[in-house]
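Got your viewer open? Load the model and let's take a walk through it.

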Amino acid sequence: METPFLTHLTQEDYKFVYEASEDSFLLLDALEEDLPQIRQQKPLFCVEIGSGSGVIVTALAKSLSSSAHCVGIDVNPYACKATKKTSLVNGASVDVTTMDLLSGFRSNSIDLLIFNPPYVPTEADEEDCEGGETFSGCLVKSWAGGEDGCSTVNRLLPTLVEKLAPASVFYLLLLRENKPKEWLKTFQQFGFSGSIIKERKIRGEYLYILKIVRCNSIK
């Protein structure tokens with residue numbers, strides 16, 4: 001899985017867009033190792049929530065056949081622009097839109113979902129900012145995860161049953177403090193099975209990649 005070029009993004013861009021870091025590359029490594037299974041699944045509609053610089057969704061798009069429609073979404077319009085730039089520079093076909101989680105997608109539509117969420121435990125008010133449409137000063141939203149680091153994942157969870165297609169796969173990055181093993185139990189309660197497929201200790205953090213599979217049919 002080829003790592004996309006990011007030299008087109010400047011330090012000015014990174015004032016407003018999360019810069020690809022160790023967590024991003026851990027997720028890329030996990031997807032690369034799972035690429036044979038992903039290709040076998042033949043996903044038609046692939047979505048990355050919080051695409052940021054676009055490094056992950058661009059790498060995925062370049063690795064899949066032209067039949068896969070890849071979309072990067074982000075609540076940050078600067079990140080959407082960066083994702084589109086990254087896809088174009090690297091010759092990948094990626095659609096990009098500003099969206100809060102999966103609110104704009106049809107039911108049962110997503111075959112492959114990827115999310116590196118804001119996962120750092122923080123005070124509740126650190127998630128809030130006054131940036132508005134400019135997102136100026138709101139880069140904190142890319143990493144501030146609320147009291148347990150899971151506020152955004154908690155918001156996403158109820159929508160997964162509606163938005164994910166049968167036999168869909170969801171790759172989720174979590175921090176040790178987010179209690180990933182407890183999350184596996186929670187996903188099971190919603191009709192999914194899951195496992196930890198990769199983990200890595202980085203500076204001051206221990207990260208995990210969860211692979212969540214829909215194991216019930218949609219009626």
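We'll begin with the whole chain and then zoom in on some helix packing.

Keep in mind that this is a predicted model. Colour by secondary structure to start: you should find 6 helices and 7 strands. Going from the N terminus, the order is α-α-β-α-β-α-β-β-α-β-α-β-β. Now switch on the surface. About 10,600 Å² is exposed, with carbon and sulfur atoms supplying 50% of that. Of the 219 residues in the chain, 50% are buried. If you draw the contacts with a separation of 6 or more, 75% of them link residues 24 or more positions apart.

Next, select H1 (residues 22-33) together with H3. Their axes come within 10 Å and cross at roughly 20 degrees. Angles under 35 degrees count as roughly parallel, so that is how H1 and H3 lie to each other. The crossing is right-handed. Show side chains here: Ser24, Leu27, Leu28 and Leu31 from H1 meet Val55, Ile56 and Ala59 from H3. By class, that contact has 6 nonpolar residues, 1 polar and no charged ones.

Keep H3 (residues 55-63) selected and add H4 (residues 77-89). The axes of H3 and H4 come within 9 Å, crossing at roughly 35 degrees, and this crossing is right-handed. Which residues make the contact between H3 and H4? On H3, look for Val55, Val57 and Thr58; on H4, pick out Thr83, Thr86 and Ser87. The class count for this pair is 2 nonpolar, 4 polar and no charged residues.

Last stop: click Val55, which takes part in the contact of H3 with H1 and in the contact with H4.

Terms used
Residues are numbered from 1 along each chain as its sequence is written. This is a predicted model: local features need pLDDT of at least 70, side-chain atom pairs count only at pLDDT 80 or more; totals for chains, interfaces and linings use all residues. Side-chain values use heavy atoms; hydrogens and water are left out. Axes are lines fitted to C-alpha atoms, for helices over the stretch in contact, and angles run from 0 to 180 degrees between N-to-C directions. Helices (H or I, at least four residues) and strands (E, at least two) are DSSP runs, numbered from the N terminus. A crossing is left-handed if the near helix is turned anticlockwise from the far one by less than a right angle, and right-handed if clockwise. Contact means heavy atoms within 4.5 Å. Ala, Val, Leu, Ile, Met, Phe, Trp, Tyr, Cys and Pro count as nonpolar, Asp, Glu, Lys and Arg as charged, and the others, Gly among them, as polar. Angles under 35 degrees count as roughly parallel, over 145 as roughly antiparallel, 65 to 115 as roughly perpendicular and the rest as oblique. Buried means under 20% relative accessible area, exposed over 50%, partly exposed in between (1.4 Å probe, protein chains only). Accessible areas come from the Shrake-Rupley method with a 1.4 Å probe; for residues, only the protein chains shown count as cover.
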